[in-house]
Amino acid sequence: MDNRSWVIAKRPQGIFQRDDIALEKFELPATGDGQVLVRTIYLSIDPAYRVWMNEADVAYLPPRPIGDQMWGSIVGVVEESRNPSFAKGDIVAGISRQAEYNLSDGNDIMKVPAGLPLEMYYVLYGHVGTTAYFGVELMNPQAGETLVVSSAAGGVGSIAAQIGSIQGCRVVGIAGSDDRCRWLTEELGLAAAINYRTQDVAEQLRHTCPDGIDTYFDNVGGATLDTILLQANRNARIALCGMVSTYNTKQEYEASAVHHLMQAVLKSIKLYGYIVTDFLDRYPEAFEQIRQWADAGKIKGGLTMVDGIEQVPEAIDNLLNSKYFGRVVVRVSEEPAKIVNK
Ligand SMILES: NC(=O)c1ccc[n+]([C@@H]2O[C@H](COP(=O)([O-])OP(=O)(O)OC[C@H]3O[C@@H](n4cnc5c(N)ncnc54)[C@H](OP(=O)(O)O)[C@@H]3O)[C@@H](O)[C@H]2O)c1
């Protein structure tokens with residue numbers, strides 16, 4: 001059976017270029033004993049792809065050789081199962097190849113809980129909602145405190161910001177365009193938003209956070225993290241979720257050195273680095289809580305849907321250049337007419 005998949009065509013030099021990856025045909029072997037054949041329905045587009053294309057070992061995934069198929073986070077339907085834990089028609093999610101079909105031994109996929117709207121899976125749930133949920137939990141924000149979120153109009157950031165509001169915090173977002181800043185204040189109800197591309201972040205933080213910063217959800221690292229360390233209150237808590245400002249070039253990475261870490265000593269600031277899979281056994285709890293917030297209209301998701309597996313390079317490019325709102329998902333094939341997950 002023919003199967004198209006994105007492969008690393010060349011090692012990216014700096015900013016992601018669309019021809020760094022190529023769509024190639026692979027022959028898919030027959031489903032073996034213990035295996036499951038999954039047809040991809042949705043493919044989540046993540047900034048981590050840029051990191052996964054480097055030669056570096058990122059600790060939770062091995063370095064990928066040139067020519068290797070790209071990894072991606074997918075939602076799919078089981079077309080054939082020779083694994084007793086899965087049945088034909090099950091809707092599953094997991095980390096797989098960025099391909100039309102994947103063969104899985106069942107260890108890298110999980111059944112999507114019944115009743116979750118599939119199109120919104122990667123907006124509110126999946127690794128996006130869970131990353132936001134557990135990152136906010138690590139910071140233990142209290143009602144009345146000030147929470148700052150960077151990449152606040154992105155997938156993880158927009159959910160983290162709204163959870164902060166639900167918990168009674170005054171939330172200030174940082175994003176890369178006026179449109180995205182407007183979306184944060186007008187649609188998501190944040191107290192203020194700062195455009196880091198056109199405004200002086202340090203000055204704007206002083207202006208929008210008159211009582212200082214108690215908690216910071218860091219998606220970008222680098223200079224923004226440094227600024228926050230300087231302005232954070234005593235006993236502030238920072239969730240180190242990601243450092244997208246350092247993903248593209250060696251120069252960016254080197255320029256991202258944090259100069260004010262001593263502030264963490266002087267002000268007893270707690271820094272919490274984490275990978276969402278640290279909390280894998282608590283995903284059902286996060287899904288349930290987020291579903292309740294969403295049903296109550298307390299949390300909204302932004303979704304940019306891009307049609308066709310051929311559009312993956314454009315989607316990655318646009319994501320990294322702040323052209324989208326919220327979570328970016330590529331529709332690879334149609335949802336089944338009837339969803340059978342129980
Ligand atoms: N710890 C974990 O387990 C875990 C799991 C998933 C994701 N993450 C991390 O969470 C963060 C957000 O991920 P996401 O999937 O929700 O992506 P996202 O925030 O939806 O997309 C990335 C956004 O980053 C911003 N950006 C790009 N280049 C930047 C730069 N040089 N400086 C500052 N901002 C830049 C852009 O938005 P603006 O320019 O508008 O801000 C871009 O849209 C990433 O750092 C990711 O690696 C961590």
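Axes here are lines fitted to C-alpha atoms, for helices over the stretch in contact, and angles between N-to-C directions run from 0 to 180 degrees. The exercises below concern a predicted model.

**Exercise 1.** Describe how helix α3 packs against helix α10.

Solution.
- Two packed helices are described by the angle between their axes and the distance between the axes.
- For α3 (residues 126–139) and α10 (residues 283–295), the angle is about 95° and the axes are 10 Å apart.
- Angles of 65 to 115 degrees count as roughly perpendicular, so α3 is roughly perpendicular to α10.
- On the α3 side, Gly129, Thr130, Tyr133 and Phe134 make the contact; α10 supplies Tyr283, Ala286, Gln289 and Ile290.
- Sorted by class, this contact of α3 with α10 has five nonpolar residues, three polar ones and no charged ones.

**Exercise 2.** Work out the strand order of the six-stranded sheet and identify its edges.

Solution.
- The sheet is open, its pairing is parallel, and the order reads β10-β9-β8-β11-β12-β13.
- The edge strands are β10 (192–195) and β13 (270–273); each has a single partner strand, so one side of each lacks a neighbour in the sheet.
- Between neighbouring strands of this sheet the average turn is 15°, with direction ignored.
- At the β13 edge, strand β12 (residues 232–240) pairs with β13 in the parallel sense over four bridges.
- Ile238 has Leu271 of β13 as its bridge partner.

**Exercise 3.** Determine which strands α4 and α6 lie across, and at what angles they run.

Solution.
- α4 lies across β8 (146–149), β9 (170–175) and β11 (213–218), and runs at about 175° to β8.
- Helix α6 (residues 201–208) lies across β8, β9, β10 and β11; its angle to β10 is about 170°.

**Exercise 4.** Characterise the two domains and the contact between them.

Solution.
- The protein is divided into domain 1 (2–111 + 302–331) and domain 2 (127–283 + 287–294).
- Their C-alpha centres lie 27 Å apart.
- Domain 1 gives twelve residues to the contact and domain 2 gives 16 residues.
- On the side of domain 1 that touches domain 2, there are five nonpolar, five polar and two charged residues.

**Exercise 5.** Analyse the shell around the ligand by residue, element, class and domain.

Solution.
- The ligand is surrounded by 29 residues, and the closest are Gly154, Gly155, Val156, Gly176 and Gly242.
- Two or more shell residues come from each of α3, α4 (155–166) and α11 (312–320).
- By class, the shell has 15 nonpolar, twelve polar and two charged residues.
- Domain 1 and domain 2 each contribute at least three residues to the shell.

Conventions:
Residues numbered from 1 in each chain as written. Predicted model: local features only at pLDDT ≥ 70, side-chain atom pairs only at ≥ 80, totals over all residues. Parallel < 35°, antiparallel > 145°, perpendicular 65-115°, else oblique. Contact = placed C-beta atoms within 7 Å. Nonpolar A, V, L, I, M, F, W, Y, C, P; charged D, E, K, R; others polar. Near = placed C-beta within 6 Å. Domains from an automatic or database assignment. Pairing = 2+ DSSP bridges.
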